[in-house]
Amino acid sequence: MNIGEKIKKIREAKGLSQKEVALTLSMNPSQYSKIENGKVDPQCSSIEKIANALGISLSDIFTE
């Protein structure tokens, strides 16, 4: 599972939409969608911001 798939799985488990998370991040929803769909490799700083927006630790994204 790649980073985008993991982020999507966590987001869906929390019942959040892509748009809700993107707005929390002050990110364009289409850019956020590209991260989840694996079309863009996010920077470490973006992954950290996404983890914070989802209320999880950074390590939760990288562990099964």
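Biologist: Which residues is Ile61 in contact with, leaving aside its neighbours within four places in sequence?

Modeller: This is a predicted model, and in it Ile61 is found in helix H5. At 4% relative accessibility, Ile61 counts as buried, because the cut-off is under 20%. Leaving aside neighbours within four places in sequence, its contacts are Ile3, Lys6, Ile7, Ile10, Ile47, Ala51 and Ile56.

Biologist: How far apart are the C-alpha atoms of Ile61 and Met1?

Modeller: Along the chain, Ile61 and Met1 are 60 residues apart. In space, their C-alpha atoms are separated by 10 Å.

Biologist: Lys6 is on the contact list of Ile61. Is Lys6 buried or exposed?

Modeller: Lys6 is found in helix H1, which covers residues 3-13. Not counting residues up to four places away in sequence, Lys6 touches Met1, Asp60, Ile61, Thr63 and Glu64. Its relative accessibility is 10%, and buried means under 20%, so Lys6 counts as buried.

Biologist: How many helices and strands are there in the protein, and what pattern do they follow?

Modeller: The protein has five helices and zero strands. Read along the sequence, the pattern is therefore written with helix symbols: α-α-α-α-α.

Biologist: Which residues of helix H4 are buried, and how are they arranged around its axis?

Modeller: Helix H4 runs over residues 44-54, and its buried residues are Ser46, Ile47, Ile50, Ala51 and Leu54. Seen down the axis of H4, these buried residues fall within an arc of 140 degrees, so they line one face of the helix. An α-helix has 3.6 residues a turn, so residues three or four places apart point the same way. The arrangement in H4 is one face, within an arc of 140 degrees.

Biologist: What lies on the face of H4 turned away from its buried side?

Modeller: The buried residues of H4 pack against H1, helix H2 (18-24), helix H3 (29-36) and helix H5 (58-62). The face turned away from that buried side carries exposed residues, namely Lys49 and Asn52.

Biologist: Which helix gives the most to the largest nonpolar core?

Modeller: The largest nonpolar core has 14 residues, and those with the most contacts inside it are Ile7, Leu25, Tyr32, Ile50, Leu54, Ile56 and Ile61. At least two residues of this core come from each of H1, H2, H3 and H4. With four residues, the helix that gives the most is H4.

Biologist: Which residues does Leu25 touch, not counting residues up to four places away in sequence?

Modeller: Leu25 is among the residues with the most contacts inside the largest nonpolar core. Not counting residues up to four places away in sequence, Leu25 touches Tyr32, Lys49, Ile50 and Ala53.

Biologist: Which residues of H3 are buried, and which helices do they pack against?

Modeller: The buried residues of H3 are Tyr32, Ser33, Ile35 and Glu36. Seen down the axis of H3, they fall within an arc of 155 degrees, so they line one face of the helix. The helices they pack against are H1, H2 and H4.

Biologist: Which side chains meet in the one salt bridge of the structure?

Modeller: The structure holds one salt bridge, with a distance of 2.6 Å, N to O. One partner lies in helix H1 and the other in helix H3, so the pair ties together parts that are 25 residues apart in sequence. The partners are buried, with a relative accessible area of 6% for the arginine and 3% relative accessibility for the glutamate. The side chains are those of Arg11 and Glu36.

Biologist: Which residues take a positive phi just after H3 and just after H4?

Modeller: Just after H3, the positive phi of about 75 degrees belongs to Gly38. Just after H4, a positive phi of about 75 degrees is taken by Gly55.

Biologist: What radius of gyration does the protein have, and what would a compact globule have?

Modeller: Along its principal axes, the C-alpha trace spans about 25 × 20 × 20 Å. With 64 residues, a compact globule would have a radius of gyration near 11 Å. The value for the protein agrees with this: 10 Å.

Biologist: What part of the accessible surface belongs to carbon and sulfur atoms?

Modeller: Of the 64 residues, 31% count as buried. The accessible surface of the protein comes to about 4,100 Å². The part that belongs to carbon and sulfur atoms is 48%.

Methods: Residues numbered from 1 in each chain as written. Predicted model: local features only at pLDDT ≥ 70, side-chain atom pairs only at ≥ 80, totals over all residues. Heavy atoms only, no water. Buried < 20%, exposed > 50% of the residue type's maximum accessible area, 1.4 Å probe, protein only. Contact = heavy atoms within 4.5 Å. Arc of directions from axis to C-beta. Core = buried A, V, L, I, M, F, W, Y, C linked by side-chain atoms within 4.5 Å. Rg over C-alpha atoms; globule rule 2.2 N^0.38 Å. Areas by Shrake-Rupley, 256 points an atom, 1.4 Å probe, with all protein chains shown as cover. Salt bridge = Lys/Arg side-chain N within 4 Å of Asp/Glu carboxyl O.
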